[in-house]
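Here is a short tour of one protein model, written to be read with the structure open beside you. Let us look at its charged pairs, its enclosed spaces and one proline.

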Amino acid sequence: MYEGTIGTMIIAISILGYISNWINWRFLNYKINYFLFYFGAFIHETSHAIFCILTGAKISEYKVFVRQPRVVYSNPKIPIIGNLLISIAPMFGGLLFLFLVNKYFLANHFIMPDFTNWQLFFEDFIKLIKQIDVTKWQHLILIFLFLNIGATIGSSLQDLKNVWVLILILLFIPWALFTHLGLLALALILVNIIFQIILIIIISIVKLFWK
């Protein structure tokens, strides 16, 4: 079975994440959306910051509640791999946060499918979607987290620029665990995009009848 490589997973997550953000700012550019975005931005930038500390990079700027959240840091003490870990940190941070919320706050109310390889991705994705029930408060919390963390779980273009040479090398290196995490991240971004589209349709209908 084709599991994919580390490089392909990073690129796929980044592209899908960019599409999600584009939909967000193109069609859902409302003040309330800024508030929702800040939660995902906090997880995103804090993940960068934590991996900066773990790899020995000095943080000179950490801003979350601004129009363009960012973390500015020096080169990590761990060469090459350090920059890569910092760049893809939001994927680990986002997934870990969701795992902790689901396990300890929601008592494993939501069961994540296996997401072990590309061939079974859509089958697992359907299993994920079928669990969502908007009449249950636990699922409303997870939907809120999906909308925020799913939109910011990917690496930014600047993150990719910092390690593009290494990503080219990683295009040829498979890793089953990273494939599992990467497919799960892609599923969360897709869930986010689906809810974005639903919101766009609802808003369009309301505007049509409001006139």
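## Salt bridges

A salt bridge here is a side-chain nitrogen of Lys or Arg that lies within 4 Å of a carboxyl oxygen of Asp or Glu. By that rule Glu61 and Lys63 are joined, with 3.4 Å from N to O. Please keep in mind that this is a predicted model. The search of the whole structure turns up three salt bridges. Glu61 also takes part in one with Arg70, where the closest N and O atoms are 3.1 Å apart.

The remaining pair to visit is Lys127 with Glu123, whose closest N and O atoms are 3.9 Å apart. Both residues belong to helix α5 (residues 121-130) and sit four residues apart, about one turn of the helix. Salt bridges with shared partners, by contrast, link Glu61, Lys63 and Arg70 into one network.

## How exposed are the partners?

Partly exposed covers the range between the buried limit, under 20% relative accessible area, and the exposed limit, over 50%. Glu61 has a relative accessible area of 23%, so Glu61 counts as partly exposed. Lys63, at 34%, and Arg70, at 32%, are partly exposed too.

In helix α5, Lys127 has a relative accessible area of 43% and is therefore partly exposed. Glu123, at 46%, is likewise partly exposed.

## The two cavities

Now for the enclosed spaces: the structure holds two cavities of 30 Å³ or more. The largest has a volume of about 50 Å³. Its lining consists of Ile10, Ile13, Ser14, Ile88, Pro90, Met91, Ile153, Gly154, Ser155 and Phe178. Two elements, α1 (6-27) and α4, give two or more residues to this lining, and α1 gives the most, with three. Sorted by class, the lining of the largest cavity has seven nonpolar and three polar residues, with no charged ones.

The second largest cavity has a volume of about 30 Å³. You will find Trp25, Tyr34, Phe37, Tyr38, Val66 and Arg67 around it. Helix α2 (residues 31-55) gives the most to this lining, with three residues. By class, the lining of the second largest cavity has five nonpolar residues, no polar ones and one charged.

## Pro90, a lining residue to visit

Pro90 is worth a closer look, as a residue that lines the largest cavity. Pro90 lies in helix α4 (residues 89-105). Its relative accessible area is 1%, so Pro90 is buried.

Which residues does Pro90 touch, not counting those up to four places away in sequence? They are His44, Ser47, His48, Thr152, Ile153 and Gly154. Of these contacts, Ile153 and Gly154 also appear in the lining of the largest cavity. For a sense of distance, the C-alpha atoms of Pro90 and Phe42 are separated by 9.9 Å, with the two residues 48 apart along the chain.

## The largest pocket

Finally, turn to the open space. The largest pocket contains about 830 Å³. It is lined by 28 residues, of which His44, Glu45, Pro69, Ser156 and Leu157 are the closest to its centre. His44 is also one of the residues that Pro90 touches.

Several elements each supply at least two residues of the pocket lining: α1, α2, β2 (70-73), α6 (137-152) and α7 (157-162). By class, the lining of the largest pocket divides into 11 nonpolar, 13 polar and four charged residues.

Conventions. Residues numbered from 1 in each chain as written. Predicted model: local features only at pLDDT ≥ 70, side-chain atom pairs only at ≥ 80, totals over all residues. Heavy atoms only, no water. Buried < 20%, exposed > 50% of the residue type's maximum accessible area, 1.4 Å probe, protein only. Contact = heavy atoms within 4.5 Å. 1 Å grid on protein atoms, 1.4 Å probe; cavity = no way out; pocket = protein on both sides within 12 Å on 5 of 7 lines; lining within 4 Å. Points joined across faces, edges and corners; volume = space filled by probe spheres on them. Nonpolar A, V, L, I, M, F, W, Y, C, P; charged D, E, K, R; others polar.
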